[in-house]
Amino acid sequence: MPVITLPDGTTKTYDAPVTAAKVAADIGAGLAKAALGAKIDGVLCDLSTIISRDAQLAIVTPKKRDGTIDSDALFLVRHSAAHIMAEAISTLFPGVQLVYGPPVEQGFYYDMAFPAGHIPSADDFTKIEQEMARIVAQDRPFTRYEMSATDGMAKANSEGSKYKIDNAQRACDAAKTSGANATLSWYATGTPGENWEDLCRGPHVPTTARVAAYKVTTLASSYWHGDEKSDRLTRVYGTAFASKAELDAHMKQLEEAKLRDHRVIGKQLQLFHIDEMVGQGLVLWKPNGAVIRQELQTFIGEALRQQGYHQVFTPHIGKLDLYRTSGHFPYYRESQYPPIIDHDSMSALAKEGCTCADLSNRLEKGEIEGYLLKPMNCPHHIRIFASEPRSWRDLPVRLAEFGTVYRWEQSGEIGGLTRVRGFTQDDAHLFCREDQVAHELQGCLKLVKLIFGTLGMKDYRVRVGLRGPESDKYVGLAENWDKAEQACRDAAQSLGVPFSEEPGEAAFYGPKIDFVVRDVIGRSWQLGTVQVDYNLPIRFDLSYQGADNKTHRPVMIHRAPFGSLERFTGVLIEHFAGAFPLWLSPEQVRVLPISEKSDAYAQELHAALHQAGLRTTLDTTSERVQNRIRIAAEQKIPVTAIVGPRDAERRVVSIRLHGKAENAGEMPFDDFVTALVSDYRTRASETLAGKITPTTK
Ligand SMILES: [Zn+2]
Ligand SMILES: [Zn+2]
């Protein structure tokens, strides 16, 4: 006799097992009509799931109460759309073998193995969408059926797709390790045995017509299990929504994103260059990009000094022993550049005829000393902390460095500034006493708030990663964890922005706080993190002398709130669409004399701006003034000072601000220079706001 508790706390009692759909219908016809799925005791399920015991039930509809899109609904719609697309492609491309098709952040994909010479192209998307439309219009139910592991494996084997056999085997293995009763489930799009079906855990929307809006978007190549040595597959991407309006909004956002692509703007504005001859994922900051980076470093550096941080510098390499102690080697070997070996060891090894396999073995065992390009800055900072005796009075010790690290990303994953192989973190390590953790976390978040505020990134949220239920994988005392987790929660709360707690997302060595920024067109970017660490102080046997004269272990906080300067700059380029505020702009003021007659006055203005520390150029080319204004606009220069003979006579400057169509007005010469210097120093988000006199003509 199940008692079902609804999200508002009310209950419904049934005499017999009941489907989630029936409960929805009993609540109201409107809800039953809108329902796409159900959450039973927090687990997303089909609406047809039978509830036979007491449970919490929430009906999933396309939108949440506040009108925003429900991410569970999106999951159901997209997963269902992946099935519909797979059926459509199976019909249109006979011989295709399906591999795996999950929902992803922007939509869904399906990995497929097409027979050679029969791989679809973007020209086929309309045809595929039309076939999908046919399936959607038939409004067939998604019908789940289950089999025991033995029968299910027999079915998969008889069907003969090695990919599906592998999926089935993995599903059985996963069930076994979690101790569950191993069953396999299929979803038929319609009637089992008659209509198309796919091995699938589910859940799905009730019928195909509930996938109201969809689009096949792109093709990419992928590998089976992501393994470059395994079968090459075609990944067909699509997206889907519960309504046409949502899909349209999404497509519009993608259009806008294209215009903001930092790789395109980076090239157009000469900010950075990635050169095949230097190496993939290794960023060359060009002069314009270097200005932005330097301004960011100065800004962050000033804030750090105010918070009592000390700047340090450390080399880009360190001995393997250092990383053996920290645990970065050999455990994260896959994501590092291979070790560097010195000349003497190298020639000794050559003489011995040492093979590559030998070498790697002996490096791992520590029989050969080598160096590593540093994958992390922590070990170096730890050695600075350990280089002198520390007392409780010295703590916290806050060591900051714009530290460059190197990581081996798979070549398929690198691109632009957001996935790179060498990057500079806005890194710092805080060594503190247990009782100082909360205060130090607050300080870290205060800094984040200041910087996001200055950059006009108002829309951001915070994720607090906590321990998961299997408590044995975490190092450190449970009571310390409790305190650290509470400190993370309190710090996150103090920011006054939305935050979520994510059990199981902590690192094994401590809880963490992550930052996710939403840009002006609504995309989310994961930036950096603040992490509490009990582990490295143990591994490096760090200590300080307490007030009780005994030896104590400090706690470490790692923090790189913006992740890396590369990634952060990439996000900023897209956030501002390349039109940076004055303080970050590579060129701040373009001085344009209308004609030769005003060259001298323009020269004087340019010199005065330059003298005041502003980045300015004088454009005295013989192009028509309208053309020169257009060029300045294309280069997204925040301020263009246009001067003619009349301006010279009256010692004023006519001003055009980037992004504003008409001339903004004018300012007296000296006031103009002073006001710009002030906007630059204060890192104003708007330039010359309220300081310009409109021109009356
Ligand atoms: Zn599925
Ligand atoms: Zn660290």
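**Figure 1. Strand 10 and its partner strands in the predicted model.** Pro103 faces Phe108 of strand 10 across a bridge pairing. Pro103 belongs to strand 9 (residues 103–104), which is joined to strand 10 by 2 bridges and runs antiparallel to it. The two strands form a hairpin, with 2 residues linking strand 9 to strand 10. Strand 8 (residues 97–100) is also antiparallel to strand 10, with 3 bridges between them; here Gln97 stands opposite Ala113. Strand 15 (residues 232–241) is a further antiparallel partner, connected to strand 10 by 5 bridges. Within strand 15, Arg235 is the bridge partner of Asp111. Of the 7 residues of strand 10 (residues 107–113), 6 are buried, so the strand is largely enclosed by the rest of the structure.

**Figure 2. Surroundings of Met153 in helix 5.** Helix 5 spans residues 149–159 and includes Met153. Met153 is partly exposed, because 18 other C-beta atoms lie within 10 Å, whereas a buried residue has 20 or more. Leaving out residues up to four places away in sequence, Met153 touches Ala168 and Cys172. Phe568 is 415 residues from Met153 in sequence, and their C-alpha atoms are 48 Å apart in space.

**Figure 3. The largest nonpolar core, with 92 residues.** The residues with the most contacts inside this core include Leu441, Cys488, Ile557 and Ile655. Helix 14 (residues 437–454) contributes the most to the core, giving 7 residues. The core lies between domain 3 (285–316 + 374–576) and domain 4 (582–681), because both give residues to it. Another core, of 54 residues, lies apart from this one and has Ile4, Ala86, Leu184 and Ala242 among its members.

**Figure 4. Contacts of Ile557.** With neighbours within four places in sequence set aside, the residues in contact with Ile557 include Leu430, Cys432, Glu440, Leu441 and Cys444. Val530, Gln531, Val532 and Asp533 are also in contact with Ile557.

**Figure 5. An open sheet of 5 strands.** The strands follow the order 31-30-32-33-34, and their pairing is mixed. Strand 31 (616–618) and strand 34 (665–668) are at the edges; each has a single partner strand, so one side of each is left without a neighbour in the sheet. Neighbouring strands are turned against each other by 30 degrees on average, direction ignored. Strand 33 (residues 652–657) and strand 34 run antiparallel and are joined by 4 bridges. In this pair, Val653 stands opposite Met667 of strand 34. Helix 19 (residues 625–634) packs on the sheet and touches strand 30 (589–593), strand 32 (639–643) and strand 33. The directions of helix 19 and strand 30 make an angle of about 175 degrees.

**Figure 6. The protein chain and its domains.** Four ranges are assigned: domain 1 (3–30 + 38–55), domain 2 (72–256), domain 3 (285–316 + 374–576) and domain 4 (582–681). The C-alpha centres of domain 1 and domain 3 are 43 Å apart. Across the protein chain there are 21 helices and 34 strands. Taken along the principal axes, its C-alpha atoms fill a box of roughly 90 × 75 × 65 Å. Of the 697 residues in the protein chain, 36% are buried. Among contacts between residues at least 6 apart in sequence, 68% join residues at least 24 apart.

Conventions:
Residues are numbered from 1 along each chain as its sequence is written. Chains are lettered from A and ligands numbered from 1 in the order in which they are written. This is a predicted model: local features need pLDDT of at least 70, side-chain atom pairs count only at pLDDT 80 or more; totals for chains, interfaces and linings use all residues. A residue is buried if 20 or more other C-beta atoms lie within 10 Å of its own, exposed if 12 or fewer, and partly exposed in between; C-beta atoms are placed from the backbone. Two residues are in contact if their C-beta atoms, placed from the backbone, lie within 7 Å. A nonpolar core is a set of buried Ala, Val, Leu, Ile, Met, Phe, Trp, Tyr and Cys residues joined through C-beta atoms within 7 Å. Domain bounds come from an automatic or database domain assignment. Two strands pair if DSSP finds at least two bridges between them. Axes are lines fitted to C-alpha atoms, for helices over the stretch in contact, and angles run from 0 to 180 degrees between N-to-C directions.
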